[in-house]
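Subject: Structure for your review

Dear colleague,

Please find below the structure that I would like to hand over to you. My notes on what was found in it follow directly after.

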Amino acid sequence: METIMLNALLSGTVECPLLSERGVQELGRAEVILAVDTMTGNRRLMYGKEVLTEIVETGVTQSLPTLYVEIDEPTDDLEKLAAAILAVKGKCDCE
């Protein structure tokens, strides 16, 4: 599993994080996006619920471009990632 740090997807200042060009590209091509807490290793599905549900329901497996993004859960990283996904994908599956 290869992961990318959240900060690699963002640019700008801490007060106003904007998506970097790399962030737009990485998030844009991923069909499944998971947040991975750097301290615990816990994973949270952020995007791709529909395609994963379809695989389960049909039993037809497929290789999906998956992006694992390292976050620090006690901070606002999860919210930043959700906002970035929403900006690129138009929706986020996080709850």
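Which type of interaction joins the side chains of Glu 50 and Lys 91? In this predicted model, the two side chains meet in a salt bridge, with an N to O distance of 2.8 Å. Glu 50 belongs to helix α3 (residues 49–58) and Lys 91 to the segment after α4, so the pair ties together parts of the chain that are 41 residues apart in sequence. Glu 50 is exposed, at 58% relative accessibility, whereas Lys 91 is partly exposed, with a relative accessible area of 29%.

Further salt bridges

The count of salt bridges comes to 6. Another of them is formed by Arg 44 and Glu 73, whose closest N and O atoms are 3.4 Å apart. This pair also links distant parts of the chain: Arg 44 is in strand β5 (residues 43–47), Glu 73 is in the loop between β6 (66–71) and α4, and 29 residues separate them. Both partners are partly exposed, Arg 44 at 32% relative accessibility and Glu 73 at 30%.

Within helix α2, Glu 26 forms a salt bridge with Arg 22, and the closest N and O atoms of this pair are 3.6 Å apart. Glu 26 and Arg 22 are 4 residues apart in the helix, which means that about one helical turn separates them. An α-helix has 3.6 residues a turn, so residues three or four places apart point the same way. The partners do, however, fall into separate accessibility classes: Glu 26 counts as buried because its relative accessibility is 17%, under the 20% cut-off, while Arg 22 is partly exposed, with a relative accessible area of 42%. Salt bridges that share partners join Arg 22, Glu 26 and Arg 29 into one network.

Helix α2 and its packing against α4

Helix α2 spans residues 21–29, and its buried residues are Gly 23, Glu 26 and Leu 27. Seen down the axis of α2, these buried residues fall within an arc of 90°, so they line one face of the helix. Glu 21 and Arg 29, on the other side of α2, are exposed. Arg 29 is thus a member of the salt-bridge network and is also exposed.

Two packed helices are described by the angle between their axes and the distance between the axes. For α2 and helix α4 (residues 77–89), the angle is about 75° and the axes are 9 Å apart. The two helices are therefore roughly perpendicular to each other. On the α2 side, the contact is made by Val 24, Leu 27 and Gly 28; on the α4 side, by Leu 81, Ala 84, Ile 85, Val 88 and Lys 89. By class, this contact has 6 nonpolar, 1 polar and 1 charged residues. Leu 27 is both a buried residue of α2 and part of the contact with α4.

The segment after α4

Cys 92 lies in the segment after α4 and is partly exposed, with a relative accessible area of 22%. Leaving aside neighbours within four places in sequence, Cys 92 is in contact with Met 46, Ala 82, Ile 85 and Leu 86. Among these, Ile 85 is also one of the α4 residues that meet α2. Cys 92 and Leu 9 are 83 residues apart in sequence, and their C-alpha atoms are 16 Å apart in space.

Yours sincerely

Definitions and conventions
Residues are numbered from 1 along each chain as its sequence is written. This is a predicted model: local features need pLDDT of at least 70, side-chain atom pairs count only at pLDDT 80 or more; totals for chains, interfaces and linings use all residues. Side-chain values use heavy atoms; hydrogens and water are left out. Buried means under 20% relative accessible area, exposed over 50%, partly exposed in between (1.4 Å probe, protein chains only). The arc is that of the directions from the helix axis to the C-beta atoms. Axes are lines fitted to C-alpha atoms, for helices over the stretch in contact, and angles run from 0 to 180 degrees between N-to-C directions. Angles under 35 degrees count as roughly parallel, over 145 as roughly antiparallel, 65 to 115 as roughly perpendicular and the rest as oblique. Contact means heavy atoms within 4.5 Å. Ala, Val, Leu, Ile, Met, Phe, Trp, Tyr, Cys and Pro count as nonpolar, Asp, Glu, Lys and Arg as charged, and the others, Gly among them, as polar. A salt bridge is a side-chain nitrogen of Lys or Arg within 4 Å of a carboxyl oxygen of Asp or Glu.
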